[in-house]
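Please open the structure in your viewer and keep the selection panel at hand, since each stop on this tour begins with something to select.

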Amino acid sequence: MTAIDVALEVGAKRTFAIAVEWPGWCRAGRDEQAALETLLAYAPRYAAVLRRTRLRFPRGETALRVVERLPGGASTDFGAPGEPSATDDRSVANDDLRRFGSILKACWRSFDRAARAAEGRELARGPRGGGRDLDRIVSHVQDADQGYLRALGWKVDGSDRDRTRAAILEGVAAASRGEIEPVGPRGGRRWTARFFVRRSAWHVLDHTWEIEDRTL
């Protein structure tokens with residue numbers, strides 16, 4: 001049995017289970033147990049995202065090992081994992097950086113495939129008619145990544161998808177090498193490379209799976 005290290009971000013209304021070494025594999029539930037169960041349920045979908053990479057995602061029976069609990073905040077209860085963990089402060093070696101690049105690119109490919117498959121098709125709405133349409137989801141993910149880059153302390157030249165993604169890889173590499181000051185000019189603490197990667201990968205996959213689940 002393979003043991004997977006997990007951090008739990010525990011809010012008042014929602015808990016996120018975060019696979020420490022697998023950015024993007026992060027799911028929420030009403031409480032800790034529900035979050036862990038949902039994380040395991042999504043393992044096959046996450047494995048499918050990484051299928052064309054050389055990364056060895058665990059197969060077969062796995063056990064989740066909680067290694068850290070984080071007090072959640074408003075972001076947690078709103079629906080986003082927003083609290084950095086102790087592991088997010090670890091240094092990033094070259095092997096880690098290559099791995100992060102592989103995971104981010106795999107997430108982008110999955111998102112693009114889901115968006116192409118949904119073109120011209122209706123997306124199911126919630127019980128009250130809620131939910132973004134496809135164009136708004138795509139724009140939302142793009143806008144979010146540009147906001148995440150600002151939180152990292154890196155700029156993007158232009159606003160198109162390819163430039164944003166290239167800037168993400170450049171910014172994560174720069175942060176990993178210590179080329180970005182950890183504190184911004186206004187005194188705010190910038191995101192670390194590890195936190196950026198797991199937050200961005202989660203957000204891209206969260207909307208990838210939303211598109212897949214809502215495509216009629």
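The tour goes through strands, nonpolar cores and pockets in turn.

Keep in mind throughout that this is a predicted model.

**Strands**

Begin by selecting β1, residues 2–10, together with strand β4, residues 62–71, to which β1 is joined by nine bridges in a parallel arrangement. Within this pair, look for Ile-4, which stands opposite Leu-64 of β4. Now add β2, residues 15–19, which runs antiparallel to β1 and is joined to β1 by five bridges. These two strands, β1 and β2, form a hairpin with four residues between them, and here Glu-9 can be found opposite Phe-16 of β2.

**Nonpolar cores**

Next, select Trp-22, Trp-25, Tyr-46, Leu-50 and Phe-196, the residues with the most contacts inside the largest nonpolar core, which has 49 residues in total. The elements contributing two or more residues to this core include the strands β1 and β2 and the helices α1 (32–41), α2 (43–49) and α4 (94–118), as well as α5 (134–152), α6 (161–176) and α7 (193–214). Of these, α4 gives the most, with ten residues. Centre the view on Leu-50 and, leaving aside residues up to four places away in sequence, you should find that Leu-50 touches Trp-22, Phe-57, Ile-103 and Ala-106. Apart from the largest core lies another core, of seven residues, and Ala-7, Phe-16, Ile-18 and Cys-26 are among them. As background to both, nonpolar side chains in soluble globular proteins tend to be buried together.

**Pockets**

Which residues lie nearest the centre of the largest pocket? Select Gly-79, Trp-202, Asp-206, His-207 and Glu-210, which hold that position among the 20 residues of the lining; the space in this pocket is about 490 Å³. Two or more lining residues come from each of β3 (26–29), α5 and α7, and α7 supplies the largest share, eight residues. By class, this lining divides into eight nonpolar, five polar and seven charged residues.

Finish at the second largest pocket, with about 290 Å³ of space, by selecting Phe-111, Asp-112, Val-138, Arg-161 and Arg-165, which lie nearest its centre in a lining of 18 residues. Here α4, α5 and α6 are the elements that give two or more residues to the lining, with the largest share, six residues, coming from α5. Colouring this lining by class should show seven nonpolar, three polar and eight charged residues.

Methods
Residues are numbered from 1 along each chain as its sequence is written. This is a predicted model: local features need pLDDT of at least 70, side-chain atom pairs count only at pLDDT 80 or more; totals for chains, interfaces and linings use all residues. Side-chain values use heavy atoms; hydrogens and water are left out. A nonpolar core is a set of buried Ala, Val, Leu, Ile, Met, Phe, Trp, Tyr and Cys residues joined through side-chain atoms within 4.5 Å. Buried means under 20% relative accessible area, exposed over 50%, partly exposed in between (1.4 Å probe, protein chains only). Contact means heavy atoms within 4.5 Å. Two strands pair if DSSP finds at least two bridges between them. On a 1 Å grid over the protein atoms alone, a cavity is a set of points where a 1.4 Å probe fits but cannot get out, and a pocket is an open set with protein on both sides within 12 Å along at least five of seven lines; lining residues have an atom within 4 Å of a point. Grid points are joined across faces, edges and corners, and a volume is the space filled by probe spheres set on the points. Ala, Val, Leu, Ile, Met, Phe, Trp, Tyr, Cys and Pro count as nonpolar, Asp, Glu, Lys and Arg as charged, and the others, Gly among them, as polar.
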